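Reader: Could you take a close look at one part of this model for me, the charged pairs and the helices around them? I would enjoy one connected account rather than a list.

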Amino acid sequence: MPPRHENRRARIGNPRIGTGQNQLAREIVAALVESNLLNPTLRVNKNDRAMETIREFCRMKPPQFDEESSDPLLADHWLSQIRKIFNALKITEDDLLVSIVACQLIGEVNEWWESIFRSKKKRKEDG
């Protein structure tokens with residue numbers, strides 16, 4: 001006759017016992033895993049992630065863009081260089097991509113971007 005605790009383990013592992021509860025438990029665990037609540041190393045503060053990403057981006061010495069020339073090939077070349085860095089650093093979050101690119105704009109292009117940004121922000125605030 002097997003010891004009592006071994007028999008209990010067999011009952012707990014038996015998929016026929018408490019099937020509904022087992023399914024619910026699996027769904028809860030899957031939801032927690034999906035939201036990274038079970039892995040504290042993946043629960044990184046979003047601002048910390050953004051700051052570290054920006055530091056890494058700056059270490060790559062990205063080019064700035066000021067559109068002193070009307071040559072569209074220069075803009076394409078600049079954007080290609082920026083994309084290479086994004087790909088190397090595996091930056092995929094849209095809001096982070098936009099923020100980083102905006103930091104690389106200087107001169108009249110930066111002024112244009114700031115005016116676009118302000119008008120979008122004002123529209124959000126207005127309704």
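Author: Happily: what follows starts with the overall fold, then goes through the charged pairs, the helix crossings, the loops and a few other side chains.

A word on the ground rules first. This is a predicted model, with residues numbered from 1 along each chain as its sequence is written; local features need pLDDT of at least 70, side-chain atom pairs count only at pLDDT 80 or more, and totals for chains, interfaces and linings use all residues. Side-chain values rest on heavy atoms, with hydrogens and water left out.

The protein has six helices and zero strands, and its elements run α-α-α-α-α-α from the N terminus on. Here helices (H or I, at least four residues) and strands (E, at least two) are DSSP runs, numbered from the N terminus. Of the 127 residues, 15% are buried; buried means under 20% relative accessible area, exposed over 50%, and partly exposed in between, with a 1.4 Å probe and protein chains only.

Now to the charges. Side chains of opposite charge can pair when their charged atoms come close. The structure holds four salt bridges, each a side-chain nitrogen of Lys or Arg within 4 Å of a carboxyl oxygen of Asp or Glu. One of them joins Glu93 to Arg49, with the closest N and O atoms 3.3 Å apart. This pair connects distant parts of the chain: Glu93 sits in the loop between α4 (72-89) and α5 (94-103), while Arg49 belongs to helix α3 (residues 46-59), 44 residues apart. Both partners are partly exposed, Glu93 at 27% relative accessible area and Arg49 at 30%.

A second salt bridge brings together the side chains of Arg59 and Glu52, at 4.0 Å from N to O. Arg59 is exposed at 56%, whereas Glu52 is partly exposed at 29%. The two are also part of a network of salt bridges linking Glu52, Arg55 and Arg59.

Lys122 and Asp126 make another pair, 3.4 Å from N to O. These two lie in helix α6 (residues 107-126), four residues apart, about one turn of the helix. Asp126 is exposed, with 59% relative accessibility.

How do the helices cross? Two packed helices are described by the angle between their axes and the distance between the axes. For α3 and α5, the axes come within 11 Å and cross at roughly 45°, so α3 is oblique to α5. For α4 and α5, the axes come within 12 Å and cross at roughly 130°, which makes α4 oblique to α5. The axes are lines fitted to C-alpha atoms, for helices over the stretch in contact, and angles run from 0 to 180 degrees between N-to-C directions. Under 35 degrees counts as roughly parallel, over 145 as roughly antiparallel, 65 to 115 as roughly perpendicular and the rest as oblique. The crossing of α3 and α5 is right-handed, and α4 likewise passes α5 in a right-handed crossing; the term means that the near helix is turned clockwise from the far one by less than a right angle, and left-handed means anticlockwise.

The loops deserve a glance too. Most residues other than glycine have a negative phi. Lys61, in the loop between α3 and α4, has a positive phi of about 55° and is exposed at 71%. Lys90, in the loop between α4 and α5, has a positive phi near 55° and is exposed at 64%.

What about the cysteines? There are zero disulfides, a disulfide being a pair of cysteine sulfur atoms within 2.5 Å. The closest cysteine sulfur to that of Cys58 belongs to Cys103, 7.6 Å away and therefore too far for a bond. Cys58 is partly exposed at 46%, and Cys103 is exposed at 56%.

Finally, back to α6. Gly107 is found in this helix and is partly exposed at 42%. Its C-alpha lies 8.3 Å from that of Phe65, although Gly107 and Phe65 are 42 residues apart in sequence.
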